[in-house]
Each structure stands twice: as C-alpha cells, then as structure tokens.
Amino acid sequence: MPEMRDGAWYIISIAAQKAEVHEQTLRHYERLGLIAPARKGESPHSPRLYSDKDIERVLHIRRLMRDLGVNLAGVEAILRMKDHMEQMQEEMKHQLEEMRIQHANETRRLKEIIERLQGTPDVFSPEEGE
C-alpha cells in the first residue's frame, strides 16, 4: 500500500470525479500505461488508489487531447518524453549534489593543507643574517 504521507489517495470513483472523466477512462488509461495507480493490496484485483499526481496526469492527458487535438498515441509519446526529461532532471540534480559535496570536501582538504603549510617554518628560506 502506498505511503499515506505522500498526499491524499482516492478510490476510482472519487478520482474519476476529480479528473472529470468516467471510471472506464481511468481503467483504459491504465491499460495503455498512461497512468499507474497504486493498489491497496498485493493482488492485481485489489482496489486502485489514485494520488493527486495521478489525477493531475489525467487532466494533462485530457488537455492534450481537447486543446491540442493529440490522439492517445501522441499523448503516450509526449508523456514518455516528459517522464524521460523529468528522470534526467532528477539524475542531473543528484549528480550536481554529489559534485557540490565533492567540491566542499576537496576545498576543506586543500584548506587543511594550506593551514599545515602556513604553520610550519619555511625550510627553504635563507636564514636571516646570512
């Protein structure tokens, strides 16, 4: 079962109302792989649970079809590209965070080296008075 801390979850009848579609439309979109609602249990026959994100995705599908005249095959391609772009953005965000951590560690290491070098007498400078 999905984590309830991830926001509200709705049964299919409520989700259909919120998305302004018929329940069969939600089932059809799921069969096509356009949405992937959670299941209440482990069985494929257990009740579907729709998140606010699922409902927003259905609304996006409907806007693409209604406002832009995109058919379901086009919607599938658009959503696949959108999902891929979001995944790439997440990966880049993760890589950027790793680079920030590496940079901070390297900066700390270099500062420690500089502090040690500044704390030791300069063995290469000529003695005063020579």
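The largest pocket has a volume of about 280 Å³. A pocket here is defined on a 1 Å grid over the protein atoms alone, as an open set of points where a 1.4 Å probe fits, with protein on both sides within 12 Å along at least five of seven lines. Grid points are joined across faces, edges and corners, and the volume is the space filled by probe spheres set on the points. The model is a predicted one, in which local features need pLDDT of at least 70 and side-chain atom pairs count only at pLDDT 80 or more, while totals for chains, interfaces and linings use all residues. Residues are numbered from 1 along each chain as its sequence is written, and side-chain values use heavy atoms, with hydrogens and water left out.

The lining of this pocket consists of 13 residues (those with an atom within 4 Å of a point). Lys53, Arg57, Lys82, Asp83 and Glu86 lie nearest the centre of the pocket. Two elements, α3 and α4, give two or more residues to the lining. The largest share, five residues, comes from α3.

To place these elements, consider the fold as a whole. The protein has four helices and three strands, and along the sequence they follow the pattern β-α-α-β-β-α-α. Helices (H or I, at least four residues) and strands (E, at least two) are DSSP runs, numbered from the N terminus. Of the 130 residues, 22% count as buried, where buried means under 20% relative accessible area, exposed over 50%, and partly exposed in between (1.4 Å probe, protein chains only). Among contacts with a separation of 6 or more, 50% are between residues 24 or more positions apart; a contact means heavy atoms within 4.5 Å.

Helix α3 covers residues 52-68, 17 in number. From its first C-alpha to its last α3 reaches 23 Å, close to the 24 Å expected at 1.5 Å a residue; the expected span is 1.5 Å times one less than the number of residues. Asp54, Ile55, Arg57, Val58, Ile61 and Leu64 are buried in α3. The buried residues of this helix pack against β1, α1 (12-19), α2, β3 and α4. After α3 comes Gly69, which has a positive phi near 70 degrees.

The three strands form an open sheet in the order β1-β3-β2, with antiparallel pairing. The strands β1 (9-10) and β2 (38-39) stand at the edges with a single partner strand each, so one side of each is left without a neighbour in the sheet. Two strands pair if DSSP finds at least two bridges between them. Two bridges join β1 to β3, and two bridges join β2 to β3. On the β2 side, Ala38 has Leu49 in β3 as its bridge partner. On the β1 side, Trp9 stands opposite Ser51 in β3. Ser51 is buried, at 9% relative accessibility. Apart from its neighbours within four places in sequence, Ser51 is in contact with Ala8 and Trp9.

Charged side chains add further links. Side chains of opposite charge can pair when their charged atoms come close. The structure holds 10 salt bridges, each a side-chain nitrogen of Lys or Arg within 4 Å of a carboxyl oxygen of Asp or Glu. In one of them, Arg109 and Glu106 meet at 2.5 Å, N to O. Arg109 and Glu106 are three residues apart in helix α4 (residues 72-119), and are thus separated by about one helical turn. Arg109 is partly exposed, with a relative accessible area of 40%, and Glu106 is also partly exposed, at 36% relative accessibility.

Elsewhere, salt bridges that share partners join Glu30, Arg39 and Arg48 into one network. Glu30 pairs with Arg39, the closest N and O atoms being 3.3 Å apart. Arg39 is partly exposed, with a relative accessible area of 21%. Glu30 also forms a salt bridge with Arg48, where the closest N and O atoms are 2.4 Å apart. Since Glu30 lies in helix α2 (residues 23-32) and Arg48 in strand β3 (residues 48-51), the pair ties together parts that are 18 residues apart in sequence.
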